[in-house]
Structures are given as structure tokens and as C-alpha cells.
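Visitor: I am new to this structure. Please show me how to read its features, one at a time.

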Amino acid sequence: MVQIRDEKPADLVARERLLDACFGEARRLKTSERLREGRLPAEGLALVAERDDRVIGTVRLWHVEAGLGRSALLLGPLAVDPSLQGIGLGTMLMHASLRRATILGHGAVLLMGDAPYYARFGFSPALAEGLFMPGPFERDRLLGLELRPETLSGARGIVRATGAWDDSAPDRTNTADVVALPIAEPNIGERPFAEAGAASRRRVA
């Protein structure tokens, strides 16, 4: 039986191994990671999927500013154990995290992902068309979702990290304010254990 629950400190090692299995070491080079490193996820919005006392899925949401003075959340990474992909665990984690974000009163969510796939959850590139990531990114993969109507209406500017600092993190440099140098997108087929093809691009980085 799969249980979706709040992430605990004891899950950290298993979560990191899962992310490495899904994305490889290149995940740490992504522009979206610049908005997360050194920060804590939004309170109540770090979830894991567990089966037989083993972490098999993870999703986190992070506080960001979607243009000047406009609060939002950034979703990611979303990852599922490669051996269990295709059975709906990612969908379960998405619905659970978005439902929790709505209950907690958040108004909007951004993510980097495959637009046709995430449209089923209500995400659209049109809602993020005036926003820019703080570094290289693919325009058609920056997606927005409004949990409250008009929350992203007219949003313009750079997405910046606003969450609390993680005091246990080794580096507290605010890299979200630094424009990253262009980094070549890794070849999906070279990611260890990653599922090849379009399904790999659907995962939220």
C-alpha cells in the first residue's frame, strides 16, 4: 500500500538517492535548482510517497516571487522510483501537493515541465509568459497554475527565491539573484537509470 505523507528528516538520504536515480548528477546544474539551494521548502509542502517503509516518490514546493511583489510557489523536483513509473504515483503526488497548497491558502504554482502532460493538472505556459527564470531555461516549459483566480494575471519579471534559509545548508549564497551562465542541457539518454523518451521530460526538475 502506498502512503503519501509529510517528509521527515530521516527521509533525506533516501530522497537524495531517488533524485539521483531519476535525474543524475546533472540535476544540480539546472536553473530551477538555483531557486532551491540553501532554502527550506514551503511549510507543509514537502511530501513523499512510501511503500513498505521505503521512499518511492518525492515532491516539494518552494516560496518564490513571480515578478515584483507577487508571491507564488515553485514545484519540484517531482520524482518517482524508476522501477515504479507509469502506475500513477506521480499523479498522486501532484494532486496531493496541489490540494495541500490550496488548503494552506497559496494562490499560484510554477514549474518547469512538459506542457501537454501538465495541462491535465491545470498548468499552462500562458500563465507564465511574462516570467523569466534566473538563468537559461526553455520558454515553453515554464508553466503556471492559479489556485485562486487572477493570481498570475499580469505577472512580469524574474522568478526569485523568497523562502527561509536552511541553516544546515553548507552554502547560503543567494544564487537566485545571480544570472547563471548557460549550461548545456544533459542528454536524457545518458542519465543513470532515467526512463528514456518523452516520459523522462515530464518529470519536474
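Visitor: Which residues have the most contacts inside the largest nonpolar core?

Guide: First, the general idea. In soluble globular proteins, nonpolar side chains tend to be buried together. This is a predicted model, and its largest nonpolar core has 29 residues. L75, M94, V109, Y118 and F123 have the most contacts inside that core. Several elements each supply at least two residues, including β2 (46-51), β5 (108-112) and β7 (142-146). Helix α3 gives the most, with six residues.

Visitor: What does M94 touch, beyond its neighbours within four places in sequence?

Guide: M94 is in contact with L75, L78, L111, Y118, F121 and F123. There is also a second, separate core of 17 residues. W62, M112, L152 and A161 are among them.

Visitor: How do I read a helix such as α1 (residues 12-23)?

Guide: Look at its sides. An α-helix has 3.6 residues a turn, so residues three or four places apart point the same way. In α1, R15, L18, L19, A21, C22 and F23 are buried. They lie on the same side of α1, because they cover an arc of only 170° around the axis. V13 and R17, on the other side, are exposed.

Visitor: Which strands do the buried residues of α1 pack against?

Guide: They pack against β3 and β4.

Visitor: And G67: is it buried or exposed?

Guide: G67 counts as buried, because its relative accessibility is 2%. It sits in the loop between β3 (54-66) and β4 (71-80). Leaving out residues up to four places away in sequence, G67 touches L131, R156, G157 and I158. G67 and R160 are 93 residues apart in sequence, yet 7.7 Å apart in space, C-alpha to C-alpha.

Methods: Residues numbered from 1 in each chain as written. Predicted model: local features only at pLDDT ≥ 70, side-chain atom pairs only at ≥ 80, totals over all residues. Heavy atoms only, no water. Helix = DSSP H or I, 4+ residues; strand = E, 2+ residues; numbered from the N terminus. Buried < 20%, exposed > 50% of the residue type's maximum accessible area, 1.4 Å probe, protein only. Contact = heavy atoms within 4.5 Å. Core = buried A, V, L, I, M, F, W, Y, C linked by side-chain atoms within 4.5 Å. Arc of directions from axis to C-beta.
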